[in-house]
Amino acid sequence: MTAFTFDAQPTAALFDRQGAVFALGDGSVRFASGERTEAHDGAVLCAAVHPSGDGIVTGGDDGKLVWTRRDAAAVLATVKGWVDAVAAAPGTGLIAFSSGRTASVLDVKDDLFRRDFAHERTVAALAFDPKGRRLAAATYGGAALWFARIESQKPTMMKWAGSHTAVAFAPDGRFLFTAMQDNQLHGWRLSDAKDMRMGGYPARIRDMSFLAKGRLMATSGAHGGVLWPLSGANGPMGQSAIEIGREGDDTVVTAVASSPAHGYLAAGLADGRVWLAEPAGDRLNWLSEDRGAPVVALSMNADASSVCWAREDGEAGVVDLQSAIA
Amino acid sequence: MTDKIPVTVLTGYLGAGKTTLLNRILTEDHGKRYAVIVNEFGEIGIDNDLVVGADEDVFEMNNGCVCCTVRGDLIRVVSGLMKRQRPGQPAFDAIIVETTGLADPGPVAQTFFVDADVQAKTQLDSVTALVDARHVMARLDDSKEAREQVAFADRIILNKTDLASEDELATVERRLRGLNPLAPITRAVRADVPLDQVLGLGGFDLERIRDLHPEFDTPGSGPAHGEPGHVHDEHCGHDHHGHEHGHDHGHHDHDGELDTLDSPSGARGHAHQDDIRGVSLSLDRPIDGARFTRWLDELLASKGQDILRAKGIIDVHGEDRRLVFQAVHMILEGDLQREWGDTERRWSRAVFIGRDLDEAALKAGFEACAA
């Protein structure tokens with residue numbers, strides 16, 4: 001394990017194709033390999049891996065969207081307010097970001113390409129579908145679905161009353177899920193917009209991630225890691241979730257991470273610890289047993305060989321899973 | 001005790017002097033760092049402080065509570081501001097939220113009680129309403145928001161007093177007190193109030209509910225608070241319901257007396273009959289704790305939409321400590337506080353500020369809680 005102590009609050013912990021990257025509340029982007037860039041004059045509010053897999057794209061409260069690599073940094077866009085959300089689509093090379101009620105799309109291969117999609121209410125989160133062609137924007141009253149490249153269009157509204165704060169597509173593209181301000185998930189089957197309410201959470205759901213070849217969706221927001229079955233025509237509709245790694249009621253899972261192709265689930269807890277588990281297994285592998293500030297960011301790399309996390313107090317780590325489990 | 005960042009909300013219609021007050025807060029040499037959440041980026045913003053735009057994004061919670069509206073923009077902005085916080089040291093000494101003249105203060109305040117993330121990092125300190133002496137009467141007549149802002153406030157700053165006569169000021173103050181008997185009124189000329197009358201008031205802090213002396217303009221109770229000379233000015237400081245004014249509180253001495261502005265026998269100082277007003281209740285007999293809690297819960301559940309603020313100190317039968325409570329619409333906080341003093345008068349007081357309050361029902365319900 002490699003440990004880091006940052007003097008700022010982490011916003012994101014990600015893996016680009018070379019290794020772990022942290023984006024922080026002081027506006028800096030710090031690579032686990034040691035490089036550091038002051039990307040923003042202010043806090044990093046959101047981050048995503050660049051579609052190329054090289055470096056990360058961050059949005060800041062300075063109104064800038066910045067692409068930071070180990071050896072270079074470039075401002076991709078500037079807005080008047082804050083850049084609240086960012087998402088990237090490796091398949092199509094598109095980057096989406098939002099500021100206030102507008103979600104915008106950029107194309108890494110075409111500097112002149114830009115789409116601006118207006119919403120009635122503030123956009124809280126963005127996600128591309130697995131092919132990178134459609135963009136979902138979580139907002140008040142549901143999620144808006146846009147064709148990412150089309151200039152003039154009316155979005156398809158997946159409606160559900162309330163404030164939607166996070167959004168994700170299932171890896172097979174059949175379902176769209178949002179996390180809501182009041183501790184529940186909502187899901188839609190895209191083929192017929194049939195929707196499902198997925199509740200019972202004791203805490204805010206910040207993360208959704210997919211594992212086991214897309215057959216399971218994991219979320220934070222409960223005492224253990226929550227797993228919803230996605231296989232079958234109806235996905236989680238009519239199914240119950242299972243909770244793994246629950247020790248008791250003392251702490252909650254604040255972050256989850258997994259890789260769609262693999263079977264591991266990593267979870268970060270409000271008490272600062274991090275575990276790794278296999279849904280079928282019966283034990284937790286502690287990746288970090290030090291208690292402290294809540295885990296606020298967590299990621300697993302694509303081949304499920306490594307996990308990185310960061311705590312609110314600036315403590316962070318990167319761990320190789322093979323050595324951690326052995 | 002707490003490392004939560006205090007949040008002060010400034011309300012007031014356009015032209016009341018909010019920007020002037022904000023600029024004063026930011027430019028005064030206090031060595032503090034503030035984050036200011038404004039509705040539009042205006043002519044404020046000092047080096048050391050951060051000014052952020054918000055867009056009055058009001059939404060309803062899905063928790064089944066009809067009046068549980070919160071400000072989504074504030075959740076977002078506060079969460080964003082907190083990212084600047086460095087480990088172990090707060091990013092800001094305080095957050096100041098400026099609202100527009102059309103803003104309903106309820107959702108602003110409720111955001112700080114309802115959203116778990118916001119609540120974990122911040123603490124609503126108080127709501128200050130600015131009104132200007134010259135235009136306030138007209139605004140109160142034609143604007144529901146203006147009445148609600150005054151009624152909701154922990155402190156009212158009566159600004160631009162140089163533009164009104166003493167008689168006019170007295171009339172204005174009487175009406176303001178009718179709308180809100182709890183908030184001290186501070187007179188100001190160019191929003192020139194000491195900062196400690198705006199920041200750090202602890203308006204929602206149960207620990208600070210030490211005494212309640214609602215400022216009622218009660219007919220027949222002698223020289224009332226509404227008279228000139230009883231203005232709460234800067235000398236009041238934090239001790240905003242202090243006894244040093246020598247106010248005549250004799251009218252509280254009757255068992256179960258109800259104070260109200262709309263007593264039919266009393267002459268009104270003005271012709272206004274506001275839909276919002278304060279109702280003050282008191283009881284000299286101990287109160288049955290369980291019965292009172294049930295009554296209050298039911299009252300807030302059924303009338304919480306119309307009740308903007310409530311505060312009380314209750315003498316619970318068989319309990320040596322004072323029960324204090326405060327409520328914002330349906331959100332209620334209560335706690336047992338310090339013990340009653342040996343020489344202290346043990347009595348229960350509660351004030352409800354709200355819309356179309358049925359004072360007779362409130363009085364009857366309150367008195368029925370007697371042990």
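Contact here means heavy atoms within 4.5 Å. With that in hand, welcome to a set of close-ups of a predicted model.

**View 1. B:Gln149 and the residues around it.** We start in helix 6 of chain B, where B:Gln149 has its place. Leaving aside neighbours within four places in sequence, B:Gln149 is in contact with B:Thr11, B:Gly12, B:Tyr13, B:Thr99, B:Thr100, B:Gly101, B:Leu102, B:Ala103, B:Pro105 and B:Ala129. One of these partners, B:Thr100, offers its backbone oxygen, which the side chain of B:Gln149 reaches at 3.3 Å. Is B:Gln149 buried or exposed? Its relative accessibility is 2%, so B:Gln149 counts as buried, since buried means under 20% relative accessible area.

**View 2. A salt bridge from helix 6 of chain B to a loop.** Here the side chains of B:Asp275 and B:Arg147 meet in a salt bridge, at 2.8 Å from N to O. The pair links distant parts of the chain, 128 residues apart: B:Arg147 belongs to helix 6 (residues 144–152), while B:Asp275 lies in the loop between strand 10 (258–259) and strand 11 (276–283) of chain B. The two ends fall into separate accessibility classes: B:Arg147 is buried, with a relative accessible area of 12%, whereas B:Asp275 counts as partly exposed at 28%.

**View 3. B:Arg338 with B:Glu344.** Staying in chain B, we find the side chains of B:Arg338 and B:Glu344 joined by a salt bridge of 3.2 Å, N to O. B:Arg338 is partly exposed, at 41% relative accessibility. B:Glu344 is partly exposed too, with a relative accessible area of 26%.

**View 4. A:Asp249 with A:Arg246.** Now for chain A, where A:Asp249 forms a salt bridge with A:Arg246 and the closest N and O atoms are 2.3 Å apart. A:Asp249 has a relative accessible area of 51% and is therefore exposed, the class that begins over 50%. A:Arg246, at 42% relative accessibility, counts as partly exposed. For context, a search of the whole structure finds 43 salt bridges over all chains.

**View 5. The surroundings of A:His50.** This view is centred on A:His50, found in the loop between strand 6 and strand 7 (56–60) of chain A. Which residues does A:His50 touch, not counting those up to four places away in sequence? They are A:Gly55, A:Ile56, A:Val57, A:Trp67, A:Ile95 and A:Val108. A polar contact of 2.7 Å also joins the side chains of A:His50 and A:Ser52. With a relative accessible area of 4%, A:His50 is buried. If you would like a second landmark, try A:Asp290: it is 240 residues from A:His50 along the chain, and their C-alpha atoms are separated by 31 Å.

**View 6. Where chain A meets chain B.** The contact draws 33 residues from chain A and 25 residues from chain B. On the chain A side, A:Gln9, A:Trp82 and A:Gln181 lose the most area to chain B, together 25% of what that side buries. The area buried between the two chains is about 2,200 Å², and carbon and sulfur atoms give 44% of it. The rule finds six salt bridges across this interface. How far apart are N and O in the salt bridge of B:Arg84 and A:Asp61? The distance is 2.8 Å, between their side chains. Between chain A and chain B there are also ten residue pairs in polar contact, both residues at pLDDT 80 or more. Strand 6 (44–49) and strand 16 (156–169) are the elements of chain A that give two or more residues to the side touching chain B. Strand 16 supplies the largest share, four residues. By type, the residues on that side divide into ten nonpolar, ten polar and 13 charged.

**View 7. Chain A as a backdrop.** To place the close-ups of chain A, step back to the whole chain, which has one helix and 30 strands. Its radius of gyration is 18 Å, close to the 20 Å that the globule rule gives for 326 residues, so chain A is as compact as a globular protein of that length. The C-alpha trace of chain A spans about 50 × 50 × 30 Å along its principal axes. Of the 326 residues of chain A, 60% count as buried. Among contacts in chain A between residues at least 6 apart in sequence, 39% join residues at least 24 apart.

Key. Residues are numbered from 1 along each chain as its sequence is written. Chains are lettered from A and ligands numbered from 1 in the order in which they are written. This is a predicted model: local features need pLDDT of at least 70, side-chain atom pairs count only at pLDDT 80 or more; totals for chains, interfaces and linings use all residues. Side-chain values use heavy atoms; hydrogens and water are left out. Buried area is the accessible area (1.4 Å probe) that two parts lose on being put together, summed over both. A salt bridge is a side-chain nitrogen of Lys or Arg within 4 Å of a carboxyl oxygen of Asp or Glu. A polar contact is a pair of N or O atoms within 3.5 Å; within protein, one must be able to donate a hydrogen and the other to accept it, and residues adjacent in sequence count only if both atoms are side-chain atoms. Ala, Val, Leu, Ile, Met, Phe, Trp, Tyr, Cys and Pro count as nonpolar, Asp, Glu, Lys and Arg as charged, and the others, Gly among them, as polar. The radius of gyration is taken over C-alpha atoms; the globule rule is 2.2 Å times the number of residues to the power 0.38. Buried means under 20% relative accessible area, exposed over 50%, partly exposed in between (1.4 Å probe, protein chains only).
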